[in-house]
Amino acid sequence: MDFDALIADSEGHKAQITERVRDVADQVVQLAREIHADPELAFEEHRAAERICTILEEHGFAVTRGVADLPTAFVGEVGSGHLVVAILCEYDALPDVGHACGHNLIAGAGVAAGLGLEPIADELGITLRVIGTPAEEHGGGKVLMLDRGVFDDVDLAMMIHTVNEGLTHDPRGTTSQAVGRYRTTFRGKASHAAAAPHLAVNAADAAVIAQVAVGLLRQQLPDDHRVAMYVAEAGHVTNIIAEKAVVEWECRTFTMPEFELLEPRVRKCFEAAALATGCEVEFEETEPLLEPLLQDETLGKHWAEAIATFGHDMENRKSIPGGSTDMGNVSQRIPGLHPWLSIPGVEVGIHSHAYAAAADSSVAYEVMLEGGLAMAWAVASLAVNPGDVETVRSMGD
(Lines give C-alpha, C1' and ligand atoms only; values in the text may rest on other atoms or scores of the structure.)
Protein backbone atom coordinates (compact mmCIF):
# COMPACT_ATOMS: atom_id res chain seq x y z
CA MET A 1 0.00 0.00 0.00
CA ASP A 2 1.31 3.46 -0.93
CA PHE A 3 0.67 5.22 2.36
CA ASP A 4 2.60 8.31 1.32
CA ALA A 5 0.34 8.82 -1.70
CA LEU A 6 -2.75 8.35 0.47
CA ILE A 7 -1.44 10.90 2.96
CA ALA A 8 -0.66 13.37 0.18
CA ASP A 9 -4.22 13.07 -1.12
CA SER A 10 -5.77 13.41 2.36
CA GLU A 11 -6.15 16.11 4.95
CA GLY A 12 -7.30 16.56 8.52
CA HIS A 13 -8.32 13.48 10.46
CA LYS A 14 -8.04 11.22 7.43
CA ALA A 15 -4.37 12.12 6.98
CA GLN A 16 -3.69 11.73 10.71
CA ILE A 17 -5.26 8.26 10.75
CA THR A 18 -3.35 7.20 7.65
CA GLU A 19 -0.03 8.35 9.11
CA ARG A 20 -0.65 6.34 12.27
CA VAL A 21 -1.69 3.19 10.40
CA ARG A 22 1.39 3.54 8.19
CA ASP A 23 3.56 3.62 11.29
CA VAL A 24 1.99 0.47 12.80
CA ALA A 25 1.28 -1.45 9.59
CA ASP A 26 4.19 -3.86 9.91
CA GLN A 27 3.24 -4.64 13.50
CA VAL A 28 -0.39 -5.26 12.57
CA VAL A 29 0.54 -7.55 9.66
CA GLN A 30 2.84 -9.50 11.95
CA LEU A 31 -0.01 -9.87 14.45
CA ALA A 32 -2.33 -11.23 11.75
CA ARG A 33 0.35 -13.63 10.48
CA GLU A 34 0.93 -14.99 13.98
CA ILE A 35 -2.79 -15.55 14.55
CA HIS A 36 -3.03 -17.34 11.20
CA ALA A 37 -0.08 -19.58 11.99
CA ASP A 38 -1.47 -20.52 15.40
CA PRO A 39 -5.18 -21.32 14.91
CA GLU A 40 -7.34 -21.79 17.99
CA LEU A 41 -10.96 -22.96 18.10
CA ALA A 42 -13.98 -21.25 19.64
CA PHE A 43 -13.57 -20.22 23.29
CA GLU A 44 -9.96 -21.48 23.19
CA GLU A 45 -8.34 -18.45 21.52
CA HIS A 46 -6.08 -17.62 24.46
CA ARG A 47 -2.93 -16.82 22.51
CA ALA A 48 -4.70 -14.81 19.82
CA ALA A 49 -6.57 -12.74 22.39
CA GLU A 50 -3.40 -12.09 24.38
CA ARG A 51 -1.50 -11.04 21.26
CA ILE A 52 -4.18 -8.47 20.48
CA CYS A 53 -4.42 -7.24 24.07
CA THR A 54 -0.66 -6.77 24.20
CA ILE A 55 -0.48 -4.60 21.07
CA LEU A 56 -3.43 -2.50 22.25
CA GLU A 57 -1.79 -1.89 25.63
CA GLU A 58 1.47 -0.95 23.92
CA HIS A 59 -0.43 1.82 22.13
CA GLY A 60 -2.28 3.34 25.06
CA PHE A 61 -5.45 1.29 25.40
CA ALA A 62 -6.72 0.29 28.83
CA VAL A 63 -7.51 -3.40 28.36
CA THR A 64 -9.90 -5.52 30.41
CA ARG A 65 -9.48 -9.24 29.83
CA GLY A 66 -12.05 -11.96 30.42
CA VAL A 67 -15.12 -9.75 30.08
CA ALA A 68 -18.60 -11.33 30.18
CA ASP A 69 -17.12 -14.32 32.04
CA LEU A 70 -15.45 -15.39 28.79
CA PRO A 71 -11.69 -15.92 29.26
CA THR A 72 -10.86 -15.06 25.64
CA ALA A 73 -13.04 -11.94 25.38
CA PHE A 74 -11.66 -8.47 26.08
CA VAL A 75 -12.34 -4.75 25.81
CA GLY A 76 -9.61 -2.22 25.02
CA GLU A 77 -10.66 1.38 25.62
CA VAL A 78 -9.27 4.82 24.89
CA GLY A 79 -10.84 8.29 24.86
CA SER A 80 -13.66 9.75 26.91
CA GLY A 81 -16.09 11.22 24.40
CA HIS A 82 -19.87 10.94 24.47
CA LEU A 83 -20.06 8.82 21.29
CA VAL A 84 -19.15 5.24 22.20
CA VAL A 85 -17.72 3.43 19.17
CA ALA A 86 -16.97 -0.30 19.14
CA ILE A 87 -14.60 -1.89 16.62
CA LEU A 88 -14.99 -5.67 16.80
CA CYS A 89 -12.28 -8.29 16.37
CA GLU A 90 -12.79 -11.99 15.69
CA TYR A 91 -9.95 -14.50 15.97
CA ASP A 92 -11.33 -18.03 16.30
CA ALA A 93 -10.45 -20.65 13.70
CA LEU A 94 -12.28 -23.61 12.20
CA PRO A 95 -11.60 -27.30 12.91
CA ASP A 96 -9.21 -28.91 10.40
CA VAL A 97 -9.06 -25.93 8.00
CA GLY A 98 -7.73 -23.30 10.41
CA HIS A 99 -8.28 -19.64 9.46
CA ALA A 100 -10.38 -20.49 6.43
CA CYS A 101 -12.77 -17.65 7.25
CA GLY A 102 -10.03 -15.05 7.49
CA HIS A 103 -10.53 -14.16 11.14
CA ASN A 104 -6.84 -13.29 11.35
CA LEU A 105 -7.64 -10.53 8.85
CA ILE A 106 -10.72 -9.43 10.79
CA ALA A 107 -8.58 -9.12 13.91
CA GLY A 108 -5.85 -7.24 12.08
CA ALA A 109 -8.28 -4.80 10.48
CA GLY A 110 -9.92 -4.13 13.84
CA VAL A 111 -6.56 -3.45 15.48
CA ALA A 112 -5.47 -1.21 12.58
CA ALA A 113 -8.68 0.82 12.88
CA GLY A 114 -8.30 1.11 16.64
CA LEU A 115 -4.68 2.19 16.50
CA GLY A 116 -5.47 4.64 13.73
CA LEU A 117 -8.15 6.34 15.81
CA GLU A 118 -6.39 6.20 19.18
CA PRO A 119 -4.39 9.48 18.93
CA ILE A 120 -7.47 11.53 17.97
CA ALA A 121 -10.22 9.80 19.95
CA ASP A 122 -10.76 12.69 22.35
CA GLU A 123 -10.48 15.23 19.56
CA LEU A 124 -13.28 13.38 17.74
CA GLY A 125 -15.38 13.24 20.91
CA ILE A 126 -15.50 9.44 21.02
CA THR A 127 -14.90 6.71 23.51
CA LEU A 128 -13.27 4.02 21.40
CA ARG A 129 -13.51 0.38 22.31
CA VAL A 130 -11.77 -2.42 20.47
CA ILE A 131 -13.77 -5.44 21.59
CA GLY A 132 -12.47 -8.99 21.25
CA THR A 133 -15.34 -11.34 20.47
CA PRO A 134 -14.54 -15.07 20.65
CA ALA A 135 -16.38 -18.04 19.19
CA GLU A 136 -18.03 -16.58 16.10
CA GLU A 137 -17.79 -19.80 14.11
CA HIS A 138 -19.51 -21.89 16.76
CA GLY A 139 -20.74 -20.66 20.10
CA GLY A 140 -22.19 -17.21 19.44
CA GLY A 141 -19.69 -15.26 21.53
CA LYS A 142 -21.23 -11.89 20.66
CA VAL A 143 -24.67 -13.11 21.73
CA LEU A 144 -23.31 -14.05 25.13
CA MET A 145 -21.54 -10.69 25.39
CA LEU A 146 -24.75 -8.88 24.45
CA ASP A 147 -26.72 -10.77 27.07
CA ARG A 148 -24.05 -10.01 29.70
CA GLY A 149 -24.01 -6.25 29.13
CA VAL A 150 -20.83 -5.65 27.14
CA PHE A 151 -22.68 -3.60 24.49
CA ASP A 152 -25.16 -1.84 26.80
CA ASP A 153 -23.77 1.69 26.33
CA VAL A 154 -22.29 1.27 22.84
CA ASP A 155 -23.67 3.68 20.23
CA LEU A 156 -22.37 1.92 17.12
CA ALA A 157 -20.34 -1.15 16.19
CA MET A 158 -18.28 -2.02 13.11
CA MET A 159 -16.17 -4.85 11.77
CA ILE A 160 -15.13 -6.17 8.36
CA HIS A 161 -15.12 -9.62 6.79
CA THR A 162 -12.99 -10.71 3.85
CA VAL A 163 -14.50 -12.85 1.08
CA ASN A 164 -13.65 -14.08 -2.39
CA GLU A 165 -13.26 -11.77 -5.36
CA GLY A 166 -16.23 -10.14 -7.08
CA LEU A 167 -18.56 -9.22 -4.22
CA THR A 168 -19.83 -5.78 -3.28
CA HIS A 169 -17.80 -3.39 -1.15
CA ASP A 170 -20.95 -1.46 -0.21
CA PRO A 171 -22.79 -3.39 2.52
CA ARG A 172 -25.95 -1.30 2.44
CA GLY A 173 -28.88 -3.54 1.61
CA THR A 174 -26.94 -6.75 2.28
CA THR A 175 -27.71 -9.14 5.09
CA SER A 176 -26.90 -12.59 6.43
CA GLN A 177 -28.93 -15.65 7.35
CA ALA A 178 -30.44 -16.44 10.69
CA VAL A 179 -29.21 -19.82 11.91
CA GLY A 180 -30.31 -22.14 14.67
CA ARG A 181 -28.25 -25.19 15.62
CA TYR A 182 -29.63 -28.24 17.37
CA ARG A 183 -28.92 -31.77 18.53
CA THR A 184 -31.57 -34.45 18.20
CA THR A 185 -31.17 -37.67 20.19
CA PHE A 186 -33.16 -40.79 19.35
CA ARG A 187 -33.40 -43.42 22.10
CA GLY A 188 -34.43 -46.95 21.25
CA LYS A 189 -33.63 -50.40 22.62
CA ALA A 190 -30.51 -52.47 22.01
CA SER A 191 -30.59 -56.14 21.06
CA HIS A 192 -28.42 -58.73 19.32
CA ALA A 193 -28.54 -58.03 15.59
CA ALA A 194 -28.66 -61.75 14.66
CA ALA A 195 -30.20 -63.57 17.63
CA ALA A 196 -32.99 -61.19 18.57
CA PRO A 197 -33.35 -58.22 16.19
CA HIS A 198 -37.12 -58.31 16.67
CA LEU A 199 -36.66 -57.22 20.28
CA ALA A 200 -34.80 -54.02 19.35
CA VAL A 201 -35.94 -50.48 18.69
CA ASN A 202 -33.43 -49.22 16.14
CA ALA A 203 -32.33 -45.63 16.83
CA ALA A 204 -30.05 -45.67 13.77
CA ASP A 205 -33.09 -46.28 11.58
CA ALA A 206 -34.67 -43.17 13.06
CA ALA A 207 -31.63 -41.14 12.03
CA VAL A 208 -31.88 -42.49 8.48
CA ILE A 209 -35.60 -41.72 8.23
CA ALA A 210 -35.00 -38.18 9.52
CA GLN A 211 -32.37 -37.58 6.85
CA VAL A 212 -34.67 -38.87 4.12
CA ALA A 213 -37.57 -36.77 5.39
CA VAL A 214 -35.47 -33.61 5.43
CA GLY A 215 -34.16 -34.42 1.97
CA LEU A 216 -37.70 -34.67 0.66
CA LEU A 217 -38.69 -31.49 2.49
CA ARG A 218 -36.04 -29.51 0.61
CA GLN A 219 -38.16 -29.74 -2.59
CA GLN A 220 -40.80 -27.59 -0.92
CA LEU A 221 -38.38 -24.99 0.52
CA PRO A 222 -37.49 -21.61 -1.03
CA ASP A 223 -34.15 -21.59 -2.82
CA ASP A 224 -32.42 -19.48 -0.17
CA HIS A 225 -33.41 -21.71 2.78
CA ARG A 226 -30.77 -24.09 4.05
CA VAL A 227 -30.92 -27.25 6.17
CA ALA A 228 -27.73 -29.16 6.95
CA MET A 229 -27.05 -32.12 9.23
CA TYR A 230 -24.73 -34.95 10.06
CA VAL A 231 -25.07 -38.13 12.12
CA ALA A 232 -22.80 -37.80 15.12
CA GLU A 233 -23.62 -41.22 16.59
CA ALA A 234 -25.63 -44.23 15.39
CA GLY A 235 -24.22 -47.37 16.94
CA HIS A 236 -20.73 -48.67 17.52
CA VAL A 237 -20.61 -52.33 16.42
CA THR A 238 -22.49 -54.36 13.84
CA ASN A 239 -23.86 -57.03 16.15
CA ILE A 240 -25.74 -54.66 18.45
CA ILE A 241 -28.72 -52.76 17.11
CA ALA A 242 -28.19 -49.14 18.10
CA GLU A 243 -30.18 -47.93 21.07
CA LYS A 244 -29.01 -44.34 20.63
CA ALA A 245 -28.51 -42.07 17.63
CA VAL A 246 -27.51 -38.42 17.63
CA VAL A 247 -28.01 -36.02 14.73
CA GLU A 248 -26.54 -32.50 14.70
CA TRP A 249 -28.43 -30.11 12.44
CA GLU A 250 -29.01 -26.50 11.55
CA CYS A 251 -31.43 -24.43 9.50
CA ARG A 252 -30.99 -20.98 7.95
CA THR A 253 -33.15 -18.27 6.42
CA PHE A 254 -32.66 -14.60 5.60
CA THR A 255 -35.49 -13.36 7.83
CA MET A 256 -36.70 -14.29 11.29
CA PRO A 257 -40.34 -14.86 10.22
CA GLU A 258 -39.09 -17.38 7.64
CA PHE A 259 -36.92 -19.04 10.26
CA GLU A 260 -39.87 -19.37 12.63
CA LEU A 261 -41.72 -21.24 9.88
CA LEU A 262 -38.81 -23.43 8.76
CA GLU A 263 -37.52 -24.70 12.10
CA PRO A 264 -40.78 -26.44 13.16
CA ARG A 265 -41.06 -28.11 9.74
CA VAL A 266 -37.58 -29.60 10.12
CA ARG A 267 -38.30 -30.64 13.69
CA LYS A 268 -41.37 -32.56 12.50
CA CYS A 269 -39.14 -34.68 10.26
CA PHE A 270 -37.34 -35.90 13.38
CA GLU A 271 -40.60 -36.42 15.25
CA ALA A 272 -41.91 -38.47 12.31
CA ALA A 273 -38.77 -40.62 12.36
CA ALA A 274 -39.28 -41.29 16.06
CA LEU A 275 -42.91 -42.21 15.48
CA ALA A 276 -42.06 -44.55 12.60
CA THR A 277 -39.42 -46.46 14.57
CA GLY A 278 -40.88 -46.34 18.05
CA CYS A 279 -37.99 -44.32 19.46
CA GLU A 280 -38.11 -41.57 22.01
CA VAL A 281 -36.79 -38.25 20.72
CA GLU A 282 -35.11 -35.33 22.48
CA PHE A 283 -34.17 -31.89 21.12
CA GLU A 284 -31.45 -29.58 22.41
CA GLU A 285 -30.40 -26.14 21.19
CA THR A 286 -26.61 -26.34 20.99
CA GLU A 287 -25.77 -22.68 20.25
CA PRO A 288 -27.49 -19.31 20.56
CA LEU A 289 -29.79 -18.38 17.71
CA LEU A 290 -28.02 -16.03 15.30
CA GLU A 291 -30.11 -13.29 13.72
CA PRO A 292 -29.76 -11.65 10.28
CA LEU A 293 -27.51 -8.64 9.77
CA LEU A 294 -29.12 -5.21 9.81
CA GLN A 295 -26.71 -2.87 8.04
CA ASP A 296 -26.99 0.72 9.25
CA GLU A 297 -27.54 3.10 6.33
CA THR A 298 -25.77 6.08 7.90
CA LEU A 299 -22.68 4.10 8.85
CA GLY A 300 -22.83 2.51 5.42
CA LYS A 301 -22.72 5.89 3.72
CA HIS A 302 -19.54 6.91 5.54
CA TRP A 303 -17.97 3.48 4.94
CA ALA A 304 -18.77 3.57 1.21
CA GLU A 305 -17.15 6.98 0.84
CA ALA A 306 -14.08 5.72 2.70
CA ILE A 307 -13.56 2.39 0.92
CA ALA A 308 -14.14 4.00 -2.50
CA THR A 309 -10.78 5.74 -1.93
CA PHE A 310 -9.12 2.49 -2.98
CA GLY A 311 -10.80 2.46 -6.40
CA HIS A 312 -13.30 -0.35 -5.87
CA ASP A 313 -16.36 -0.75 -8.10
CA MET A 314 -19.02 0.66 -5.81
CA GLU A 315 -21.80 -0.08 -8.31
CA ASN A 316 -21.31 -3.83 -7.94
CA ARG A 317 -24.20 -5.09 -5.81
CA LYS A 318 -23.37 -8.80 -5.78
CA SER A 319 -23.44 -10.00 -2.18
CA ILE A 320 -22.44 -13.20 -0.43
CA PRO A 321 -25.21 -15.76 -1.16
CA GLY A 322 -25.39 -17.27 2.32
CA GLY A 323 -23.81 -17.51 5.72
CA SER A 324 -24.48 -16.35 9.24
CA THR A 325 -22.75 -14.31 11.91
CA ASP A 326 -23.34 -13.36 15.52
CA MET A 327 -22.71 -9.78 14.42
CA GLY A 328 -26.32 -10.02 13.24
CA ASN A 329 -27.51 -10.07 16.85
CA VAL A 330 -25.39 -7.01 17.65
CA SER A 331 -26.74 -5.13 14.62
CA GLN A 332 -30.35 -5.88 15.58
CA ARG A 333 -29.83 -4.06 18.90
CA ILE A 334 -27.41 -1.23 18.13
CA PRO A 335 -26.48 0.44 14.83
CA GLY A 336 -23.90 -1.78 13.17
CA LEU A 337 -22.03 -2.38 9.95
CA HIS A 338 -20.41 -5.56 8.63
CA PRO A 339 -18.89 -4.83 5.20
CA TRP A 340 -17.50 -7.51 2.90
CA LEU A 341 -14.02 -7.01 1.41
CA SER A 342 -13.04 -9.05 -1.64
CA ILE A 343 -9.49 -10.38 -1.89
CA PRO A 344 -8.34 -9.84 -5.49
CA GLY A 345 -7.62 -13.02 -7.41
CA VAL A 346 -9.24 -15.28 -4.82
CA GLU A 347 -12.04 -17.25 -6.45
CA VAL A 348 -12.42 -20.03 -3.87
CA GLY A 349 -15.09 -19.81 -1.19
CA ILE A 350 -14.54 -19.33 2.50
CA HIS A 351 -14.28 -22.35 4.84
CA SER A 352 -11.90 -24.16 2.51
CA HIS A 353 -8.21 -25.06 2.72
CA ALA A 354 -7.58 -22.85 -0.30
CA TYR A 355 -9.16 -19.82 1.38
CA ALA A 356 -7.11 -20.44 4.52
CA ALA A 357 -3.99 -20.21 2.37
CA ALA A 358 -5.28 -17.05 0.68
CA ALA A 359 -5.87 -15.43 4.09
CA ASP A 360 -2.10 -15.53 4.68
CA SER A 361 -1.11 -13.86 1.41
CA SER A 362 0.39 -10.42 0.87
CA VAL A 363 -2.67 -9.30 -1.09
CA ALA A 364 -4.93 -10.37 1.79
CA TYR A 365 -2.92 -8.27 4.24
CA GLU A 366 -3.21 -5.33 1.85
CA VAL A 367 -6.99 -5.75 1.91
CA MET A 368 -6.87 -6.04 5.72
CA LEU A 369 -5.13 -2.68 6.01
CA GLU A 370 -7.60 -1.11 3.56
CA GLY A 371 -10.42 -2.36 5.77
CA GLY A 372 -8.81 -0.99 8.91
CA LEU A 373 -8.20 2.40 7.34
CA ALA A 374 -11.71 2.60 5.90
CA MET A 375 -13.31 1.76 9.25
CA ALA A 376 -11.26 4.43 10.99
CA TRP A 377 -11.96 7.00 8.28
CA ALA A 378 -15.68 6.21 8.43
CA VAL A 379 -15.80 6.62 12.21
CA ALA A 380 -13.95 9.93 12.04
CA SER A 381 -16.18 11.20 9.24
CA LEU A 382 -19.31 10.29 11.17
CA ALA A 383 -18.06 11.68 14.48
CA VAL A 384 -17.61 15.20 13.09
CA ASN A 385 -21.08 15.19 11.51
CA PRO A 386 -23.52 15.99 14.36
CA GLY A 387 -26.59 15.28 12.25
CA ASP A 388 -25.41 11.79 11.35
CA VAL A 389 -24.36 11.12 14.94
CA GLU A 390 -27.88 11.92 16.08
CA THR A 391 -29.35 9.77 13.31
CA VAL A 392 -27.27 6.79 14.38
CA ARG A 393 -28.07 7.31 18.02
CA SER A 394 -31.79 7.54 17.29
CA MET A 395 -31.64 4.20 15.49
CA GLY A 396 -30.21 2.62 18.63
CA ASP A 397 -32.88 4.01 20.95
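Reader: In this predicted model, which residue in E9 stands opposite valine 227?

Author: Cysteine 251 does.

Reader: How do you know that E8 and strand E9 are paired?

Author: Pairing takes at least two bridges between two strands. Eight bridges join E8 to E9, residues 244–253. Therefore E8 and E9 count as a pair. The two run antiparallel.

Reader: What makes E8 and E10 edge strands?

Author: Each pairs on one side only. The open sheet has four strands, in the order E8-E9-E7-E10. Strand E8 spans 226–234 and strand E10 spans 280–285. From one strand to the next, the twist averages 20°.

Reader: Which helices lie on these strands?

Author: Helix H7, residues 203–217, lies across E7, E8 and E9. Helix H8, residues 256–277, packs on the sheet and touches E7, E8, E9 and E10.

Reader: What makes the direction of H8 roughly parallel or roughly antiparallel to that of E9?

Author: The angle decides. Over 145 degrees counts as roughly antiparallel. H8 makes about 160° with E9, so the two are roughly antiparallel. H7 runs at about 170° to E8, so that pair is roughly antiparallel too.

Reader: Why are H3 and H4 called roughly parallel?

Author: The cut-off is under 35 degrees. The axes of H3 (residues 46–58) and H4 (residues 103–117) cross at roughly 10°, and the helices are therefore roughly parallel. The axes come within 11 Å. The crossing is right-handed.

Reader: What makes the contact of H3 with H4 nonpolar?

Author: H3 supplies Ile52, Ile55 and Leu56, and H4 supplies Ala107, Val111 and Leu115. Ala, Val, Leu and Ile count as nonpolar, so the contact has six nonpolar residues, with no polar and no charged ones.

Note on methods:
Residues are numbered from 1 along each chain as its sequence is written. This is a predicted model: local features need pLDDT of at least 70, side-chain atom pairs count only at pLDDT 80 or more; totals for chains, interfaces and linings use all residues. Side-chain values use heavy atoms; hydrogens and water are left out. Axes are lines fitted to C-alpha atoms, for helices over the stretch in contact, and angles run from 0 to 180 degrees between N-to-C directions. Angles under 35 degrees count as roughly parallel, over 145 as roughly antiparallel, 65 to 115 as roughly perpendicular and the rest as oblique. A crossing is left-handed if the near helix is turned anticlockwise from the far one by less than a right angle, and right-handed if clockwise. Contact means heavy atoms within 4.5 Å.
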